[in-house]
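Please take a moment to look over the sequence and the model that follow, and then read on for a guided walk through some of what can be found there.

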Amino acid sequence: MSISEASPGASPLGRGPTIRDVAALSGVAASTVSRALTQPHRVNQATRERIEAAAHELGYVPSAYPRSTAPGRSGAVAVLVPDITNPYFFDFIRSTQHQLKTAGYTQLLVDTEEDVELEATYLEEFRSSAVGFILPATRLSDEQLISAAAKSPLVTINRSTPGVPSVIIDTASGVQQAMEHLFSLGHRDIAYIAGPPNSWSDGRRWDALQERSESLGITIRRLGPYHPSKRSGAAAADTLLNSGATACIAFNDLVAIGVLVRLRERGTDVPDEISVVGCDDIFGADFCQPPLTTLTAPIEQAGRVATDMLVSRLRHGQSQLRMKVELPTHLTIRASTGPLLRPTAFRPTT
């Protein structure tokens, strides 16, 4: 169940109107929309009526929040996902749901829409109806996470914060593998197409790439940041072509796939002119033209481990909780990387 879907209206992205669409139309913050539609007594009447009118106009109907008869007595665990349309989270969502069901809990799936304010709002508002939280790829600050962990049991994925239990997928060493692979193919000028600026994983990968580029004696340049979506890949590809780099490592597979599409539109051959590496090995990465070289991440395993850590905390308390688990990644080589056979010609953006 997601609180930002289930409505008949259309949007530019091909999905139903979101809470941010309602916020934009009514001229308020997304968190105010959330309160107005779920806890109307907390919003003044004029603002509430304006929000309700905007929601009606857009056809936005939030899914119901689960309610418990008393705080802490619900069997629901809230899983706050940055973007439920991203295939990266499909296996993760399935694994957490299976593990929670087996343990006797219900999964409450929440789409935070890559919005830090919205994530913080939901984390606070669900405390009365969820016994714990799982936060994959959270965008909250360390201070916010430490404060939240003091109030409710939670586990993060791909985020290391002191005192907060976490599961880390080691994409930092993975991107170093990717750089070594590109180096072995003769590439000496490589670009990293960065993800969201508040992504902990993005910063960790960039540090790892800089470290390895120094030891290999090659150039690494950072492009972006970019929204972690296929649509952002077009702009990233245009910047890549103007950068002089002969290969790129993208923040995730969606951006990498968008890069492949745009390069094909501009007549740039992959991998003869530019090599492209993704990250995550999502469903469809091997269906691209050409199939995408990418880091294969144990996404389903990360979901299982995070759920087991949270359930252990709920049943046995803090003393039984592992604080950090790190899972390895490996490079899966496909046809989007190869030796540089001819230099990339400059092609003006069209």
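**Salt bridges and a mixed sheet**

The structure holds 16 salt bridges, and a few of them make a good place to begin, provided the reader keeps in mind that this is a predicted model. One of these salt bridges joins glutamate 180 to arginine 212, with 1.8 Å between the closest N and O atoms. Because glutamate 180 belongs to helix α7 (residues 171–184) and arginine 212 to helix α8 (residues 200–216), the pair ties together parts that are 32 residues apart in sequence. Glutamate 180 has a relative accessibility of 33%, and it therefore counts as partly exposed, since that class lies between the limits of 20% and 50%.

A salt bridge is also formed by the side chains of aspartate 189 and arginine 221, where the N to O distance is 2.7 Å. Here the partners sit in strands: aspartate 189 is in strand β6 (residues 189–193) and arginine 221 in strand β7 (residues 219–223), so that this pair links distant parts of the chain, 32 residues apart. Is aspartate 189 buried or exposed? With a relative accessibility of 17%, aspartate 189 counts as buried, whereas arginine 221, at 27%, is partly exposed.

Further along the chain, arginine 266 forms a salt bridge with aspartate 238, and the closest N and O atoms of this pair are 2.7 Å apart. Arginine 266 lies in the loop between α10 (253–265) and β9 (275–280), while aspartate 238 is part of helix α9 (residues 232–243), so the pair ties together parts that are 28 residues apart in sequence. Both arginine 266 and aspartate 238 are buried. These two residues also belong to a network of salt bridges that links Asp238, Arg262, Glu265 and Arg266.

From the salt bridges we can turn to the strands. In general, the strands of a sheet pair through backbone hydrogen bonds, and they do so either parallel or antiparallel. In this model, 6 strands form an open sheet with mixed pairing, and their order is β7-β6-β8-β9-β10-β12. Why is one side of β7 and of β12 left without a neighbour in the sheet? The reason is that β7 and β12 (330–332) stand at the edges, where each has a single partner strand. If direction is ignored, neighbouring strands of this sheet are turned by 25° against each other on average.

At one of these edges, strand β10 (residues 293–296) pairs with β12 in the antiparallel sense, over 3 bridges, and threonine 294 has threonine 332 in β12 as its bridge partner. Helix α10 packs on the sheet, where it touches β6, β8 (247–250), β9 and β10, and the direction of α10 makes about 155° with that of β9.

The cysteines offer another point to check. A search of the whole structure finds 0 disulfides. Cysteine 279 is buried, with a relative accessible area of 1%, and cysteine 288, at 9% relative accessibility, counts as buried too.

Finally, a careful reader will ask about the confidence of the prediction. The mean pLDDT of the protein chain is 88, and 87% of its residues reach 70 or more. Over residues 1–14, however, the pLDDT is below 50, and this stretch has 45 contacts in the model beyond near neighbours in sequence. The pLDDT is also below 50 over residues 64–74, a stretch with 21 contacts in the model beyond near neighbours in sequence.

Methods: Residues are numbered from 1 along each chain as its sequence is written. This is a predicted model: local features need pLDDT of at least 70, side-chain atom pairs count only at pLDDT 80 or more; totals for chains, interfaces and linings use all residues. Side-chain values use heavy atoms; hydrogens and water are left out. A salt bridge is a side-chain nitrogen of Lys or Arg within 4 Å of a carboxyl oxygen of Asp or Glu. Helices (H or I, at least four residues) and strands (E, at least two) are DSSP runs, numbered from the N terminus. Buried means under 20% relative accessible area, exposed over 50%, partly exposed in between (1.4 Å probe, protein chains only). Two strands pair if DSSP finds at least two bridges between them. Axes are lines fitted to C-alpha atoms, for helices over the stretch in contact, and angles run from 0 to 180 degrees between N-to-C directions. Contact means heavy atoms within 4.5 Å. pLDDT is the predictor's confidence in each residue, from 0 to 100. A disulfide is a pair of cysteine sulfur atoms within 2.5 Å.
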